[in-house]
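Visitor: Could you take me slowly through the place where the two chains meet, and show me what each side brings to it?

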Amino acid sequence: MSEHGHGHDHEQEQEQRSPSPEVLRVRALETVLTQKGYVDPAALDALIDTYQWKIGPRNGAQVVARAWCDVEFRGWLLKDATAAIASMGYSGRQGEHMVAVENTPQLHNLVVCTLCSCYPWPILGLPPTWYKSAPYRARAVKDPRGVLADFGVVLPAAVRIRVWDSTAEVRYLVLPQRPAGSEHLSERELGNLVTRDSMIGTGLPLAPGAPAAGVSA
Amino acid sequence: MSYRSHADLGGRDGYGAVHPQAEEELFHAPWEARVLALTLAMGATGLWNIDSSRAARESLADYRELSYYQIWLAGLEKLLLQSGALQAGELEQGRSLQPAVAVARVLRAAGVAAALARGTPTVRPPSGPARYALGQWVRTTAAAPPHHTRLPGYARGKRGVIERVHGAHVFADTHAHNLGERPQWLYTVMFDERELWGASTAPQQSCISVDAWEPYLEPA
């Protein structure tokens with residue numbers, strides 16, 4: 001697959017000036033499907049709004065922070081992630097069957113979908129472009145340490161890497177290790193240390209005192 | 001039946017760096033969001049299932065040249081024509097020319113949150129006991145079948161160990177081709193890196209798993 005370009009604003013401006021073939025095709029498609037009565041444009045707006053503003057990696061961050069604070073919840077999450085995560089209100093599409101896998105000082109987990117883009121939507125939202133890209137899908141299984149290096153993550157050679165290829169309808173959440181020096185933080189503050197990438201396994205949680213996750217520098 | 005997936009990328013050489021991305025970057029243009037929503041809304045009509053939509057996308061001849069949402073757009077158009085929901089010419093003209101086909105349901109805005117929260121679970125009552133147990137060694141089937149399947153090429157004909165048993169799930173291979181759900185036991189099968197890549201690749205201290213339905217496996 002080709003890589004996307006950069007800069008939303010620029011592309012959105014260009015889209016308005018001279019519509020790309022995709023813009024015209026999608027417009028025609030939506031018109032016909034609406035005329036046929038198959039789709040309701042208000043439902044399309046609601047779907048986009050949901051994944052833009054309501055369902056995203058902050059959901060998963062709350063799950064992880066709770067597992068760091070509550071040993072009973074952590075046990076439940078590792079035993080029956082679907083039920084434990086649903087108890088926090090996150091369930092459904094592309095997260096029907098959840099498994100949580102825990103990082104330890106000896107083991108680091110990494111999640112990929114080499115065949116398409118399977119990803120736990122209820123807790124992480126839509127997958128980032130890199131997760132869906134050919135380089136990640138090709139290399140994560142064969143060269144996981146090289147992929148981690150692309151994210152600036154270098155693990156000691158003694159840490160084993162466990163790669164989960166999501167080839168069926170099971171979706172994986174990585175439970176990262178709680179950062180050192182975070183003992184004094186509240187569950188809410190801990191959630192701010194949990195990055196999306198740390199829940200896929202391509203990153204580590206932020207250190208206490210760093211700018212909060214989900215806010216780009 | 002001739003069938004070829006262009007989406008099976010795992011373990012292929014020659015790809016460059018992965019480029020990290022900020023959490024709030026979801027779409028590169030508004031049309032991408034619209035394609036996502038149209039795909040989800042059309043999925044709700046019941047005209048096809050998630051496995052047939054994956055099959056429609058992965059078998060696009062120009063899959064490797066397209067961006068992610070270009071694949072989704074082409075896949076959606078293909079499904080609409082295949083299912084008879086749209087007729088040739090309607091897309092080109094941008095208007096409905098033929099009567100609509102009957103659909104099981106139409107997703108309304110008020111129903112979006114509930115539909116997403118419900119999802120489409122794939123676990124089913126098993127028709128018999130699981131053939132394999134935790135810790136058992138198995139070998140994956142070697143031949144690529146001439147239809148949609150979810151056993152990646154890199155994991156074919158390889159020896160691994162059953163690490164998890166997930167119950168019986170809708171079988172993607174048949175479901176994708178409208179041959180029924182035919183639920184099969186689903187397992188996580190773990191492989192050592194040397195089994196998958198041989199001694200030629202520098203060891204990374206890694207192991208890799210796939211989720212495999214029982215028909216993909218034989219005793220090792």
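Guide: Two strands are said to pair if DSSP finds at least two bridges between them. With that in mind, and remembering that this is a predicted model, we can look at E3(A) and strand E5 (residues 206-213) of chain B, which pair in the parallel sense over five bridges. To place one of these partners for yourself, find Ile161(A), whose bridge partner in E5(B) is Ser206(B).

Around this pairing we can turn to the contact between the chains, where 79 residues of chain A are in contact with 78 residues of chain B. On the side of chain A that touches chain B, the elements that give two or more residues include strand E3 (160-165), which we have just met, together with helix H1 (8-17), helix H2 (21-35), helix H3 (41-54) and helix H12 (196-200), all of chain A. Among these elements are also helix H8 (129-132), helix H9 (134-142) and helix H10 (144-150) of chain A. The element that gives the most to this side is H2(A), with 11 residues. If we sort the side of chain A that touches chain B by class, there are 36 nonpolar, 21 polar and 22 charged residues.

Finally, it helps to know how chain B itself is divided, namely into domain 1 (30-118) and domain 2 (123-219). The centres of these two domains of chain B, taken over C-alpha atoms, are separated by 29 Å, and the contact between them takes five residues from domain 1 and five residues from domain 2. On the side of domain 1 of chain B that touches domain 2 of chain B, one residue is nonpolar, two are polar and two are charged.

Definitions and conventions:
Residues are numbered from 1 along each chain as its sequence is written. Chains are lettered from A and ligands numbered from 1 in the order in which they are written. This is a predicted model: local features need pLDDT of at least 70, side-chain atom pairs count only at pLDDT 80 or more; totals for chains, interfaces and linings use all residues. Two residues are in contact if their C-beta atoms, placed from the backbone, lie within 7 Å. Helices (H or I, at least four residues) and strands (E, at least two) are DSSP runs, numbered from the N terminus. Ala, Val, Leu, Ile, Met, Phe, Trp, Tyr, Cys and Pro count as nonpolar, Asp, Glu, Lys and Arg as charged, and the others, Gly among them, as polar. Domain bounds come from an automatic or database domain assignment.
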